[in-house]
Amino acid sequence: MANTESAGSTADAPPVRYRVSGMDCAKDAAQIERAAHSAGVAPDDVKVSAATHIMTLNAPEARLPDIEKAVAVTGYGFDRIEGDGDIPPNPAHQDPAYRRALWIVVILNVGYGVIEMVGGFIAGSQAVKADALDFIGDGAITFLGLLAIGWSLAWRARSALIQGIFLGLLGLGVLGTTIVRVFEQTAPDAGLMGLLGMIALVVNVISVLPLLRFRKGDANMRAVWLFSRNDAIGNAAVVIAAGLVWWLGSSWPDLIVAFGIAGLFLHSSWSIIRDARADLKTAA
């Protein structure tokens, strides 16, 4: 009887929306949803959009404090959106200094992503190309956030849909060339491959530094850390693959890492497209 009453109250409660700060990919959305599930929220009652960074929650008002506490453990910021109107821009984005810091992040990510992509072709490394794609994707997501300040939910969803399709095409390109390399294996330049991976680690650290002065509390600090850590894992994988290529004289370590990064990237791209379509339906 208690479960029936709980289910009924959840069904009757209007959806509650939160703006999520600190997200940069679909993996973050999935992590937040898992945290909500740990608080007893059913899978169909929580949705975090990888396109517009909005969490929609179907739960009784009395349960919200416990759910908010559970998702706060992820380290991202959650600001409740009052009313049913469109979502106002993030107040932090109104700070000119903060916006300049974000522009620095965009330039560093996209700029080094292009450099690393060229370096990947020179080194003959698919893993470096895939890592470059991750840099370009991160920069594009941050750029979208800057560009879409003040836009309506519908227009933010449309721009995210275009971005998701574009990034998906890039990911398919890397995946396709990696598959071709399986049949035409040539060991990449391990030295250049490792150098590009190490520089990528440095660029990630430099990208975080401009944002540190704008952190507000442990949650936002943790979001910055998660952002940097997730990217650094990919960079470290490239460096490790370079060492294995040098040691084994084989291209397989490079190809395996490329498949892994490209697969995760394509999953994120599909999540952005799926969520953008859902957001468009909601806006309509």
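Asn 235 is buried, because its relative accessible area is 1%, below the 20% cut-off for that class. The model is predicted. Asn 235 lies in helix α8, which spans residues 217-248.

The side chain of Asn 235 does not go without a polar partner: a polar contact links the side chain to that of Asp 131, at 2.9 Å. Asp 131 also appears among the contacts of Asn 235 outside the four neighbouring places in sequence. The other residues in that set are Phe 135, Gly 197, Ala 200, Leu 201 and Asn 204. The surroundings of Asn 235 thus include a polar contact with Asp 131 and contacts with Phe 135 and Leu 201, among others.

Several of these positions can be placed against the database record. The unreviewed UniProt entry lists "transmembrane region" for residues 101-123, 135-154, 161-180, 192-212, 232-249 and 255-273. Two of these segments were examined for secondary structure. Residues 161-180 are 100% helix and 0% strand in the model. The end C-alpha atoms of that segment are 29 Å apart. Residues 192-212 are likewise 100% helix, with 0% strand. Here the end C-alpha atoms lie 31 Å apart.

The model also contains an open sheet of 4 strands. The strand order is β2-β3-β1-β4, and the pairing is antiparallel. Strands β2 (46-48) and β4 (77-81) form the edges, each pairing on one side only. From one strand to the next, the twist averages 25 degrees.

Strand β3 covers residues 54-57 and is joined to β2 by 3 bridges, running antiparallel. Two opposing positions define the register of this pair. Val 46 faces Leu 57 of β3, and Val 48 stands opposite Met 55 of β3. The hairpin of β2 and β3 has 5 residues between the strands. In this hairpin, His 53 adopts a positive phi near 60 degrees.

Strand β3 also pairs with β1, which comprises residues 16-21. This pairing is antiparallel as well and extends over 4 bridges. Tyr 18 stands opposite Met 55 in β3. Met 55 therefore has a cross-strand partner on either flank, given the strand order β2-β3-β1-β4: Val 48 and Tyr 18. In a regular strand, side chains alternate between the two faces of the sheet.

Notes. Residues are numbered from 1 along each chain as its sequence is written. This is a predicted model: local features need pLDDT of at least 70, side-chain atom pairs count only at pLDDT 80 or more; totals for chains, interfaces and linings use all residues. Side-chain values use heavy atoms; hydrogens and water are left out. Helices (H or I, at least four residues) and strands (E, at least two) are DSSP runs, numbered from the N terminus. Buried means under 20% relative accessible area, exposed over 50%, partly exposed in between (1.4 Å probe, protein chains only). A polar contact is a pair of N or O atoms within 3.5 Å; within protein, one must be able to donate a hydrogen and the other to accept it, and residues adjacent in sequence count only if both atoms are side-chain atoms. Contact means heavy atoms within 4.5 Å. Two strands pair if DSSP finds at least two bridges between them. Axes are lines fitted to C-alpha atoms, for helices over the stretch in contact, and angles run from 0 to 180 degrees between N-to-C directions. UniProt positions are given in the numbering used here, feature names are shortened, and annotations may be inferred rather than shown by experiment. Lists of a residue's contacts leave out its neighbours within four places in sequence.
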